[in-house]
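Me: I've just opened this model and want to get my bearings. Let's go through it piece by piece.

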Amino acid sequence: MHFLGKISRLWTGLTGNISDFSLEVRIFHSLCLIAIVALAYNVPFNYFIHLPVVALISFVTLVLFSVLYYLSRYKGLTKSTIVIFTIIGNLLFAVNFYLNSGTFGPTDLLMGLCILLVLCVVPKNQQRFWMAVNITIILTGHYIEYNYPHLVPYTYTNRQSRYWDLSSAYAVVIIVIYYTITYFRQNYNNEKQSADEKAAAIELKNQQIVKQNRELERVDSEKNKLMSIIAHDLRSPLSNIQNYLELITEYELETQERKMVEGDLLKVTRRTLDMLSKLLIWSKAQMDGVNVKLGYIRLRDALYSTVELEKAIALKKEITLFAELDWDIRIIADTDMLQLVMRNLISNAIKFTQRGGKISFKAKQIGTECWLIVRDNGIGMSADKQAELFSLHAASTVGTQNEKGVGLGLLLCKEFTELQGGKIWVESTPKEGTAFFVSMPAQAMS
């Protein structure tokens, strides 16, 4: 195999690289080399079978073809050398017909091979011309031999010489045809493989473009959603704040009325601040990405203070928040992200639970997973709402006390949960309540 590899590299060096020469030119170089080898064999062979004139012509042609090969391969004069090569080839066989016994010799066979090779290398617009020249030479030779046989002498000295000449000519023709077809098929396969690779590259590029277009559409959709949020969901509470301030400024309110207005103003301000916080967190995550710092953390260290704060908020709405869990469970998470996720889920439960309702926060470890479950007995939601709950298509929903949001809280929960290697899903029945499940990787129980 090592030897064959060297031969292949040598042949490539002699005929030219694919990057430097076209297929037709490389075939022409191959034909020149084959003709040179064949003529180098033919010179002593014809001399041996007592055809010295043919041997001399073969030698002269050998020199000419060597020069033509050099001019094409190393000087780049391919077009002119192909024409000269074709002319010399036809003249050689025309002379050979008269010097090598006419139809009794191998000239007809070699002329058939000649036109095959010529058609492989000449430009398409010249093919018919050279085919006509080839046919004319042969038919003219046949005509002369038939009508003037003395002009085409029988040059073989014995039957054995003719046998060896025809046999060797046939062998040369078959070998050259085999090589030519093999060379064509090899190059065809190479070109096909190259075309397939280019097509695959184009297809991959198209897929990347499609993916980029989809990503651009997603970004555009998110931008539109963002503009909608800013234009509608934030403008409304800010207008309420303005109205409250104008009311306090323009009218002399009694102490009780003032306290009530100030309380409402405080509620609206808090909700607006909460919406802005969620909006800023989500926008930053989309534009800059999020730096996730995973590590083993105890639920007590990550969530105890968050749950206690939410208990106080729930109490203002006369909602009872139960926390029933093993605070010593260790999970793999980012503390800040986990707090944001659970704070959003508990806040949502408070938002959609009526006064006097109940909310439970539980955690249970199942193998190497820890399920954090927030369950309420609030207003619930339909299957259609559940399907869009964790996307930008989710609409902002008003809570049981007209609490408003921007529709980004649950989207943030999903994105941040998945960034930590967890999963989030929901189960809900209208008018019966909702349960959110967050599954996080946990340290195996000892």
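Reply: One term before we start: two strands pair if DSSP finds at least two bridges between them. Also keep in mind that this is a predicted model.

Me: Fine. So how many bridges join strand 5 to strand 7, and which way do they run?
Reply: There are 8 bridges between strand 5 and strand 7, and the two strands run antiparallel. To pick out one pair, Val 374 has Phe 436 in strand 7 as its bridge partner.

Me: And what's the strand order in the whole sheet?
Reply: The order is 2-4-5-7-6, so to speak from one edge to the other, in an open sheet of 5 strands with mixed pairing. At the edges sit strand 2 (320–324) and strand 6 (423–429), each pairing on one side only. On average, neighbouring strands are turned by 15° against each other, ignoring direction.

Me: What packs on that sheet?
Reply: Helix 10, residues 299–316, does; it touches strand 2, strand 4 and strand 5 (369–376). The direction of helix 10 makes about 165° with that of strand 2.

Me: Where does helix 13 lie?
Reply: Helix 13 (residues 409–419) lies across strand 6 and strand 7 (433–441). Against strand 6, helix 13 runs at about 140°.

Me: Back to strand 2. Parallel or antiparallel to strand 4?
Reply: Parallel, with 5 bridges joining strand 2 to strand 4, residues 358–366. Going into strand 4, Leu 321 has Ile 359 as its bridge partner, and Ala 323 has Phe 361.

Me: What does Ile 359 stand opposite in strand 5?
Reply: Asp 376. Strand 4 and strand 5 pair in the antiparallel sense over 8 bridges, and Gln 365 is bridged to Cys 370 in strand 5.

Me: How many residues lie between strand 4 and strand 5 in the hairpin?
Reply: There are 2 residues between them, and Gly 367 in the turn has a positive phi of about 65°.

Me: Different glycine now. Where is Gly 380 found?
Reply: Gly 380 is in the loop between strand 5 and helix 12 (383–387).

Me: Which residues is Gly 380 in contact with, leaving aside neighbours within four places in sequence?
Reply: Gly 380 is in contact with Ser 428, Thr 429, Pro 430, Lys 431, Gly 433 and Thr 434. As for Ala 349, the C-alpha atoms of Gly 380 and Ala 349 are 9.6 Å apart, with 31 residues of separation in sequence.

Me: OK, on to the helices. At what angle do helix 2 and helix 3 pack?
Reply: Helix 2 (residues 23–48) and helix 3 (residues 52–75) pack at about 155°, and their axes are 8 Å apart. Helix 2 is therefore roughly antiparallel to helix 3, since angles over 145 degrees count that way. The crossing is left-handed. In the contact of helix 2 with helix 3 you get 17 nonpolar, 7 polar and 1 charged residues.

Me: And what's the angle between helix 3 and helix 4?
Reply: About 170°, with the axes 10 Å apart. That makes helix 3 roughly antiparallel to helix 4.

Me: Which residues meet there?
Reply: From helix 3 the list includes Val 53, Ile 57, Leu 64, Phe 65 and Leu 68, and from helix 4 it includes Ile 84, Phe 85, Ile 88, Gly 89 and Leu 92. By class, the contact has 13 nonpolar, 6 polar and no charged residues.

Me: How far apart are the end C-alpha atoms of helix 4?
Reply: They're 31 Å apart, which agrees with the 32 Å that its 22 residues (78–99) should span at 1.5 Å a residue. Just after helix 4, Ser 101 takes a positive phi of about 70°.

Me: Last pair, then. How do helix 5 and helix 6 cross?
Reply: At roughly 170°, where the axes of helix 5 (residues 107–121) and helix 6 (residues 127–147) come within 10 Å. Helix 5 and helix 6 are therefore roughly antiparallel.

Me: Which residues of helix 5 and helix 6 meet?
Reply: Among them are Asp 108, Met 111, Ile 115 and Val 118 in helix 5, and Gln 127, Trp 130, Asn 134 and Ile 138 in helix 6. The residues of that contact divide into 9 nonpolar, 3 polar and 1 charged.

Definitions and conventions
Residues numbered from 1 in each chain as written. Predicted model: local features only at pLDDT ≥ 70, side-chain atom pairs only at ≥ 80, totals over all residues. Heavy atoms only, no water. Helix = DSSP H or I, 4+ residues; strand = E, 2+ residues; numbered from the N terminus. Axes fitted to C-alpha atoms, helices over the stretch in contact; angles between N-to-C directions. Contact = heavy atoms within 4.5 Å. Parallel < 35°, antiparallel > 145°, perpendicular 65-115°, else oblique. Left-handed = near helix turned anticlockwise from the far one by under 90°. Nonpolar A, V, L, I, M, F, W, Y, C, P; charged D, E, K, R; others polar. Expected span 1.5 Å × (residues − 1).
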